[in-house]
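Please look at the sequence and the structure shown here before reading on. The report is meant to be read with both in view.

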Amino acid sequence: MSIKDSIPRKIFLVSNIVFLLIVALACIAPFINLLAVSFSDKTAVAAGEVTFFPVGFTTISYEFITNTSKFFVSLLVSITRVSIGVPINLLLIILTAYPLSKLKTEFRARSIFSWFFVVTILFNAGLIPTYMVVRNTGLIDSIWALVLPGALPIFSMLVVMNYMRSLPKELLEAAYIDGASHVQTLFRVVLPVSTATIATVTLFSFVDHWNSWFDGMIYMNNIQNYPLQTYLQTVVVNPEEFLRNNTDLSGNLSKYLSMVSARTTGAAQMFLAMIPILCIYPFLQKYFTTGLVIGSVKE
Amino acid sequence: MFVNLKRKDKMLRELPLYLMLLPAVVLVSIYSYGSMAGVVIAFQKFVPAKGMFGQQQWVGLQNFTTLFSMPNIWPVIQNTVIIALGKLIGGVIVPVVFALLLNEVRNILTKRIFQTLVYLPHFLSWIILSGILLNILSPSEGLVNILLSKLGIEPIFFLGNPDVFPATMVMTDIWKNFGFASVIYLASLTSIDPALYEASVIDGANRWRQTWHITLPGISAIVVLMTVLGLANILNGGFDQIYNMYSPVVYSTGDILDTLVFRLGIEQAQYSLSTAAGLFKSGVSMIFIVVSYYLADKLTGYRVF
């Protein structure tokens, strides 16, 4: 707008920026504090001296973690989970979304299958029945317990399906006339033009697998099988015990006990677990927003 | 275009589509429908050793009678609805206000930076966020109470005072999600036709009138939609969040259906009672989900599927 701003308007614009700055700070300050605590001396932390900069800079908490095996054991479980779980999610999303995106005249059983999947978001069986099925299929203490029960994320599938439905009919007709089979149409025509949507659901799926902890807690009896977030949950809920366990088990770690505290080692582990999310953050920004808008605000 | 195909050709043409659906159908049948069949546990005196579909003793509605005679069941339902409603209302108002304010910022880069910062918590798990919040909300050494004491305010027991706990849950949930939720409102704000604003300026409308008569009506459909869809979660108090931050001290106001189901089922091994509580929750939730989807379609023409 070319009209010159009035004085009240200027006051509003400035106070608006200040207010937004405070809001933004409230959103990231806790994480800066976490990072500062993880690099600080334990006495400074206990005295409440650490805000946004490390006090008595030290990497001892990180050293302690690298010497305890549990963090890395669970990290490996999480990495395995993501590398099996995400591709399976994607494959099932694509294979399910394509047939359901067809018109009723092209795929007569479409409605039946749509309802088959949608019913599962309407009614949740609940904790115990789900647990019993996972146990009966022999998945307790197996990585597959974290992958198979949620192998098809229904909402992501609906997002992809809606996108595929919005593709121009001419595109698919051309493929059909050229004699392409459904499989060829899907992989050579539909998928290449759906990359943004596929990227979105891939990120959904990654964040979901990385952040899940509850399934790990109930399906895994052996702590060795805990994914990272489940392991972290035990650290968060009972930080002192984590420290005791790790220093009791191997004598060589007891030397750290005077130098680290539950707060500093907890902060270090939480920060390490945030790193993958921070790494994909730029992509999340790019795709999540477009995907979300495609998926929910249809014209 | 397929109308002239013969019946058999049509079947052949559709066959690959069935095959594509097969893996998902198998897995969903086992893990979703199998579990749904498992809700029969709620009507049995379930003994795990006899197997899920084994010879269990049927007890009719006895588990439900027990459930609803528990002294804490109604408070728990009340807590759930209060916390969920708080999250629903705050979770719409705060992002809308934030989007309106952010929309007034003209510099694109500044706008982008603010956005980037505020949605960080959305992508982190409640485990990490609880770990951080347990520290910064602590009454003695927490960052928040240190700040409050500098302003001359007495320390607040955010997680230990039953009167404050539900509000803490609502506010921390809004903190986690408002930035991301505002994305959708910003998208609809930018789609408002600029010609409307230009016309209103010529008619002599000031900023407030523009906001009231153009901006708000412009995003009302999406606000209604998000509110209505949120109704589906009326019995979801937020297990991940509350389970990792509550304690017996705040059970009176902070215990929700999901945490009750968990404690009954996993910690106390009362499988039938826990399943009954879960089934009650799912049954009521289903009504809310169907109603919310119906309203979303009726009011805004949005179809979830």
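The following text describes confidence, the contact between chains, the domains of one chain and a pair of helices.

This is a predicted model, in which local features need pLDDT of at least 70 and side-chain atom pairs count only at pLDDT 80 or more, while totals for chains, interfaces and linings use all residues. Residues are numbered from 1 along each chain as its sequence is written, and chains are lettered from A and ligands numbered from 1 in the order in which they are written.

Chain B has an average pLDDT (the predictor's confidence in each residue, from 0 to 100) of 90, and 98% of its residues score at least 70. For the complex, the predictor gives an ipTM of 0.89 and a pTM of 0.90.

Between the chains, 75 residues of chain A are in contact (C-beta atoms, placed from the backbone, within 7 Å) with 71 residues of chain B. On the side of chain A that touches chain B, helix α1 (residues 7-38) of chain A gives the most, with 13 residues; helices here are DSSP runs of H or I, at least four residues, numbered from the N terminus.

The domain bounds of chain B come from an automatic or database domain assignment, and the table lists them.

| Domain of chain B | Residues |
|---|---|
| Domain 1 | residues 7-60 |
| Domain 2 | residues 72-300 |

The centres of these two domains of chain B, taken over C-alpha atoms, are separated by 35 Å, and seven residues of domain 1 of chain B are in contact with five residues of domain 2 of chain B.

Definitions and conventions:
Contact = placed C-beta atoms within 7 Å. Helix = DSSP H or I, 4+ residues; strand = E, 2+ residues; numbered from the N terminus.
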